[in-house]
Each structure stands twice: as C-alpha cells, then as structure tokens.
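Reader: Hi! Could you walk me through this protein, one step at a time?

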Amino acid sequence: MRTYQCFWLLFWAGQPHQSFLTPLSKRTSGFPGKEKVLVLSGNSRQDLHRSKRSWMWNQFFLLEEYTGTDYQYVGKLHSDQDKGDGSLKYILSGDGAGDLFIINENTGDIQATKRLDREEKPVYILRAQAVNRRTGRPVEPESEFIIKIHDINDNEPMFTKDVYNASIPEMSDVGTFVVQVTATDADDPTYGNSAKVVYSILQGQPYFSVESETGIIKTALLNMDRENREQYQVVIQAKDMGGQMGGLSGTTTVNITLTDVNDNPPRFPQSTYQFRAPESTPLDSPVGRIKANDADVDENAEIEYSITEGDGYDMFGITTDKDTQEGIITVKKALDFENKNLYILKVEATNTHVDPRFLYLGPFKDSATVRIQVEDVDEPPVFSRPAYIMEVKEDVPINNVIGTVTAQDPDAARNPVK
C-alpha cells in the first residue's frame, strides 16, 4: 500500500497579535484572520524522484518598508512528517535566502531581516525543503513559492523636468495648447491609487489651466498681450492617490513666453515735423529724420515710409533706415529759396507685414505733416548774359566807353554789385 505525505507552507499577514509558535530571536509576531496555504502532496520517500505535486496557492504579499525594530515575520513551513522530535530540518533557498530571509530549521518559521523596497525588487522566488536531520535525505519534494512585496505609497510623483520652457503667440484663443508636463510615480500602478497621478495648477491662474489627467497646459484667458506682459511663471503640482488627501506630491515650474504678433499699428508721436534745408543742399542729401513708433518687435515692427501728397511731392523723397526704422527725407531736385522757400508734405508710415487677423484693430498705418523751410544762401552775382560782343574802332580815344556789362545779386537782399 502506497503512503502519501504532505508539506505545508503557512503564511499569515494582517494586524499583529501574539503568536502561539515557538519564538525566534528578534521575531515579530502576527497572524491574520485568514491564512494562505500551500499544500504539496507527493509519493513516499522511496518514490521521491517520481513525486507528483499538487498546488493550492494564494500568492503571498509582504508589506514593504516595514518600520518595526524586530524582524518581520513571513510565515511557517511545516511537514506532516514532522513529529516534533527534532528529526526534521527545514531548509530555505532562493532569492535572499540566508541573508534577507532566514528560517528556523527546527520550527520552519521564516523571517525577513531587512526592510523590503518594492521599487528595488518586487518579487522573491524561494524554495522550501524538509530533510531528515540525521541522514540529510529529503522527506518532501523541494517546493517553490513566491513572495510579492506589497506596495505602500512611499514615492512622491517626480516630473521628468525640473523646469519646462514653452512659448505661445500673444492674443491666442482660450484653450490653446501650451505644453504637456509629465510626472511619474515609482509605486505600483496595478495596486490601489499609489501611482495614480492628478495634476493641478498652484500658480499661474487665471492665465493658464492644466488638465488633471494629462498634464496638458492650456491658455485660460483671452487677449493676453505681450506688450503688457511677456513672461509668465506657472507652478504645476502632481499628486498621487488620485489627488486625495494624504497623497504625496511634487511640483515643477513652467516658464511661458508670449511671442509677438503684429497687433499694433505704427504711430507717429507727433502730428507735424519741421525741418530747415539750405537752398544749396546737394541732391540725395538728407534733410531730416522722422520715426513712427511700433510696440511690436522684429519683422512685425518693420515700417515703410512714403510721401503721399504735398506741394513738394516731386522735390523730396523718403527712405527707411532698416536698422532704426526711421524715415530719412532727402532732396530730389535743387532747391531755390528765391523761387519757393516753404514745402509742406504728407508722410505715411505703413507696416510691411500685416496680420489679417488683427485688421479689426484699425489701419496699420499712420500719417504726419512735414514742413520744410528752405534757407537763403549768399550766392555770387549773375551776369545778364553769358557772353558779350563789342566792337571798337582802332583810333578810339582813351577812356571812351566801348560797351556795358550787367550783373546783379540773385539773393533776395539784392546786394550791390561792383
């Protein structure tokens, strides 16, 4: 008749209370209301090499980051061959056996000697065996079991960057995407809410908002104007436990810059400019500079100047200084104080890059009046003719008048000529 033996591996977890087992040195006690049982059945020792194994097993969870001063109690090995006479010896092997996990070879009690960190190693695979102490021969087949470290919320969410930098165009619509921030939690995402991260905004309202599930930051205020404020610093919090009270949290900073769009037309700071130009001013020489101000920057502030009307429309020209965005008024035709000593021009300043979205703000151009006073210059006398032909007889007496040449001062003063 064939005999059978059973090898039991019992584990307890839960609220600790006094154990009825034989105490070990530095052993912590604790048994749950419901025990987890591993049952091994096989043939007799003589037929050990042909043994069959039948498992009835619930995976065992051991709490990580145990804070007690004594060793943490794991469970107990027991064979039905153990008569309590000390003839059997229990052996533990596998991950951490003899160091992290120790066994009382007489009673089969297993303890963890160190704090366990699930993030360092979540699962331990061990093997248990009972042998005859005198012969060293196994009385049960070697059996494998698993200890899975039970996660606790001991890791706060960590953002992938300490500081994020982002930019969006000014005057963006509400809900415009800015940037997505991401925080990860090293806790077990498959157990509870320890790794369930929820995002919230601590600083940066009412200008920006963040989606709680995705970490996507969006604009929340209409008509944010770069010319009023260019830089924003937003602080985002990531909190685990689904954002519930008691969860751990981490923060990151997001620096957001508003980039320029052409939403400001050029404007002359004054309506009238006055310049003086000597009538002797060479052609293409500058008479004066005017400048229309534009609150935008770069190409959005580029201006083109033109003379649109005036009695000096054909006498003067205007060009743009690309470095200073000033309009340079130059002489196109020779000036003559005696002919005309005052010119009135209408000058227009226009943006070269207009954004159609902002045309409702008004025309992106402005105009001003330019008065140019021509100054008199002391010019040399001018003869009435470029050449004179005079005839004289050869025997004419000395001091006789041969003819007359005439010159006069062209200036308004009509200074006498000699």
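Author: Happily! One term comes ahead of the tour: a residue is called buried under 20% relative accessible area, exposed over 50%, and partly exposed in between. Keep in mind that this is a predicted model.

Reader: Is Val405 buried, exposed or partly exposed?

Author: Val405 sits in the loop between strand E26 (382-383) and strand E27 (407-408). Its relative accessible area is 45%. Because that value lies between the 20% and 50% limits, Val405 is partly exposed.

Reader: What is the area of the nonpolar surface patch that includes Val405?

Author: Val405 shares this patch with Phe383, Met390, Val392, Val396 and Ile402. Together these residues make a nonpolar patch of about 520 Å².

Reader: How many strands are there in the protein chain?

Author: Start with the helices: the chain has zero of them. The count of strands is 27.

Reader: Which residues touch the most other members of the largest nonpolar core?

Author: That core holds 25 residues, and strands E19 (272-278) and E22 (316-321) are among those supplying at least two residues each. A second, separate core has 22 residues, including Val178 and Tyr232. In the largest core, the residues that touch the most other members are Phe316, Val370 and Ile372.

Reader: What share of the contacts between residues at least 6 apart in sequence joins residues at least 24 apart?

Author: Phe316 gives a feel for contacts, as it touches Val287 and Ile372, among others. Across the protein chain, for contacts between residues at least 6 apart, the share joining residues at least 24 apart is 69%.

Conventions
Residues numbered from 1 in each chain as written. Predicted model: local features only at pLDDT ≥ 70, side-chain atom pairs only at ≥ 80, totals over all residues. Heavy atoms only, no water. Helix = DSSP H or I, 4+ residues; strand = E, 2+ residues; numbered from the N terminus. Contact = heavy atoms within 4.5 Å. Core = buried A, V, L, I, M, F, W, Y, C linked by side-chain atoms within 4.5 Å. Buried < 20%, exposed > 50% of the residue type's maximum accessible area, 1.4 Å probe, protein only. Patch = residues over 30% accessible without salt bridge, like charges linked within 9 Å, V, L, I, M, F, W, Y side chains within 5 Å. Areas by Shrake-Rupley, 256 points an atom, 1.4 Å probe, with all protein chains shown as cover. Salt bridge = Lys/Arg side-chain N within 4 Å of Asp/Glu carboxyl O. Lists of a residue's contacts leave out its neighbours within four places in sequence.
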